Amino acid sequence: MASPSPKTEPRIVALTPGLERRGLSLGGKAEGLLALMERGARVPPAFAIVDATADWLPADLGAHYRALGGGRVAVRSSAVGEDGERSSFAGQFESVLDVEGLEALEAAVARCLSSASLERVEAYRARMGEGRAAMSVIVQSMVDARAAGVIFTVDPISGRRDRLVIDAVAGRGDALVSGERTPDHHVVDEAGVVVERERGGDGACLDETVLRSLADEARRLAEAFGAPLDLEWALDREGAVHFLQARPITRLPSDPRELDVVPDPEGIVTRANIGEMMPGAVTPLTLSVTARGIDQGLQRMYVRLGAREEVERGFVFVGALHGHLHLSLSRMAETARHILGSTPEDVAFAICGAEVPELSGIDPLPLPVRLLGTARYVRALATIPAHRAAMERLVAPFRIPRSDRPREAFEAIDRGLEALFTAYELHLLSSAGAGAMAPFLLGVVARGKQPTEADHATVASLLSGATGVESADIAEGITRIARLARPEDLERLARPDDEALAYLRSDASGEMGRAFREYLRRHGHRAVREAELRQTEWRRDPTPLLASLRAAVRSPHPPRERTTNAPAPRTLRPLVKLAHAAVRSRERTKSLLIEITAKFRDAYRDLAELLVHRGLLPDDDLVYFFTHEELGAFCRDPREEDVARAETRRLGHEYRMSCEFPVVWRGVTEPLPRVVHVGEGEALGRPVSPGVVEGRAFVARTLAEAAGVEPGDILITPITDVGWTPYFAVIGGLATEVGSAVSHGAVVAREYGIPAAVGFGDATRRFQTGDRVLLDGTRGLLRRIPA
């Protein structure tokens, strides 16, 4: 066939190791095959058609087909930029399998070349910011596959570099990557052990020997490439593994272990106490500021008590796994050796509220050392009011100077960290009394014997009922505001959040509004997860308080009065009085600690806005995914790789937040296995693209039905092949009945940043268009939200 005005005559290039590529536009898939060959992988014979068009193919196509052995071949696209580090183009172009005969081959090649202008390809290019590029076509001998699948040499959901994912189906692999079949799913650790396994069908596709062989070869190839890989493979009837594709994994989150802190590798550690203060995973900035502040405060306190000789710069007591903070119980229990009458069990009870048998066997120090330590401890308890007063003097006037220069703004924050660390020290010293009184009272009540459940209940009753506790006013304050609501206020509170908040800020809201504004003045620096620097405090976003207030005014029950306990026995009243005073002191200094933390939060926000204004960061939220030290280096010498690293950390944050750990463990442990309790109106699938989204369900069983989807809808469908791609730019989330993490829909969802999960079985029958649903792509949960 003749072309109107040819630029370059089409030609065929045999893909062989060492091929000279200069001047050739082979495209991403062909380059990947050559790289596999050159690194010693078994790859079916193939050639590439270069510079062809659908109506002008090389004249010697038949000769090359016969040289390949004739028979069945696979015809696949290989565009420049395809299978790249930024964009995979997964499934966007046409592929034709089991092609046999020259006439069928010519038609298949023309079909592949024509697919470069398909609507779905244009939509993908637009979303990913890619331009048009030259396309080659690969013709490759088909493998008579007993099984086939995909390997990710890094877990694409968690980002763990020590985990490898193998998905497999019986026969050819095209049903797997298209999402038409749910595969056998295997997660393999560095030792070659399968740590997770899910069956997609009735029988296993692969035995343990093949799994280990695949994992070993995949890891070898990833090391040879110097990058994590997405590999397609096929197992032939004789048991030989052939690799059909190699490409980088796009939008890969950072390894959740990247910033792990393990100060006590062999000791007993716990997430109790610190995990209640900071549930979930902290951001890198919070780890390097808040967690370090806690650790510095503990070290300084124990130096004062004589339990440590000096303060180290690194972490000693606080650790982090996957961003989840924990405390070294072993090291904190060591301090009990310095104080008369104090035991490791007391430390465990103060922190965990329960005994920790693993802490047994810690012997006390010689008597003179314990006498000195006890004297220091008693002095610390006696000076609690002084510590609280010192903290009041520290926090009230504290300011971080602003600057319009990033480096100067960071240096002002950095200079202020000493005040934050001092605040943690003063808070912990002020809290020492509250921590000491519970086990002390328990010992008194139990008369030196093993405490019973009744003894624990008695101590809990004695410690409750303290008045003037600032944290208690957070809950009671909402009740006071609700009591002031007039009938006309109720209608205004029921309006959308922005209208309701504007009303509460106005004089029209009367006594209720004035009480609300006073509440914000007093408690506006607080929030859920309030020590997390990324968290927005109530004074900036009172919406969570609005939800509580609405619930309080709707409640048909009268507000509960504060519990009044029976008077303590006369002999215990002085101790109970001291315990209540200690609780008040602890909660007041905790409030002051959060107040100074809020000042640092403001300063980091200002710095983030400055960096965005200077064009150094794409958005201000990214600042939380630098450590404090990295942020300082970035302000001095901003580099694109620093931004890229922060973006991969942010990609992995949803996964890290979803992890859960035991209460107590030794050294280093793994997150607990994923357990999702499925209730009425819920379905459980497999997570493939992290994130949580809420929106209208749109159920489409066919591509034609998807035409009615609206922006933000959560698309629920049996499968999504490549034809659905244009809708991915519109939807808010994706839930499919079958599929896997390696199917085209899952890969594209991750690239687009859309929460997605697969394997929901009969979701298209259980949910209806118009349902309000929540899709959790991190846990694999789809839930109907009651109207």
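Visitor: How much space lies in the largest cavity?

Guide: About 120 Å³. The model is a predicted one, and 5 cavities of 30 Å³ or more are found in the structure.

Visitor: What makes it a cavity and not a pocket?

Guide: A 1.4 Å probe fits at the points of a cavity but cannot get out, whereas a pocket is an open set. The space of about 120 Å³ is counted among the cavities.

Visitor: Which residues are closest to the centre of the largest cavity?

Guide: Pro256, Leu259, Pro284, Gly323 and Arg656, out of 13 lining residues. By class the lining has 5 nonpolar, 4 polar and 4 charged residues. Pro counts as nonpolar, Arg as charged and Gly as polar.

Visitor: Why are H17 and H18 called roughly perpendicular?

Guide: Helix H17 (residues 497–504) and helix H18 (residues 510–523) pack at an angle of about 95°. Angles of 65 to 115 degrees count as roughly perpendicular, and H17 and H18 therefore earn that description. Their axes are 8 Å apart.

Visitor: How do you know which residues make the contact of H17 with H18?

Guide: Contact means heavy atoms within 4.5 Å. On the H17 side the contact is made by Leu501, Tyr503 and Leu504, and on the H18 side by Met512, Gly513, Phe516 and Arg517. These residues divide into 5 nonpolar, 1 polar and 1 charged.

Visitor: What makes H11 oblique to H12?

Guide: The axes of helix H11 (residues 367–382) and helix H12 (residues 384–395) cross at roughly 55°. Roughly parallel needs an angle under 35 degrees and roughly perpendicular needs 65 to 115. The crossing of roughly 55° meets neither condition, nor is it over 145, so the rest of the scale applies, which is oblique. H11 is therefore oblique to H12. The axes come within 4 Å.

Visitor: Which residues of H11 and H12 meet?

Guide: Ala380, Leu381 and Ala382 in H11 meet Ile384, Pro385 and His387 in H12. The contact divides into 5 nonpolar, 1 polar and no charged residues.

Visitor: Why do E16 and E17 count as edge strands?

Guide: The open sheet of 8 strands runs E16-E23-E22-E18-E19-E20-E21-E17, and its pairing is mixed. Strand E16 (682–684) and strand E17 (686–689) each have a single partner strand, so one side of each is left without a neighbour in the sheet. Neighbouring strands of this sheet are turned by 25° against each other on average, direction ignored.

Visitor: How do you know that E16 pairs with E23?

Guide: Two strands pair if there are at least two bridges between them. E16 and strand E23 (residues 781–784) are joined by 3 bridges, so the condition is met. The two run antiparallel, and Ala683 stands opposite Leu782 in E23.

Visitor: What makes E13 and E15 the edges of the sheet of 4 strands?

Guide: The order of this open sheet is E13-E14-E12-E15, with antiparallel pairing. Strand E13 (318–321) and strand E15 (664–666) have a single partner strand each, so each has one side without a neighbour in the sheet. The twist averages 40° from one strand to the next.

Visitor: How do you know that E12 and E14 pair?

Guide: Strand E12 (residues 268–270) and strand E14 (residues 324–328) are joined by 2 bridges, and at least two are needed. These strands run antiparallel, with Val269 opposite Ser328 in E14. Helix H8 (residues 284–304) lies across E13 and E14, at about 150° to E13.

Visitor: Which residues does Arg588 touch?

Guide: Arg588, in helix H20 (residues 573–613), touches Arg388, Glu392 and Glu470, not counting residues up to four places away in sequence.

Definitions and conventions. Residues numbered from 1 in each chain as written. Predicted model: local features only at pLDDT ≥ 70, side-chain atom pairs only at ≥ 80, totals over all residues. Heavy atoms only, no water. Axes fitted to C-alpha atoms, helices over the stretch in contact; angles between N-to-C directions. 1 Å grid on protein atoms, 1.4 Å probe; cavity = no way out; pocket = protein on both sides within 12 Å on 5 of 7 lines; lining within 4 Å. Points joined across faces, edges and corners; volume = space filled by probe spheres on them.
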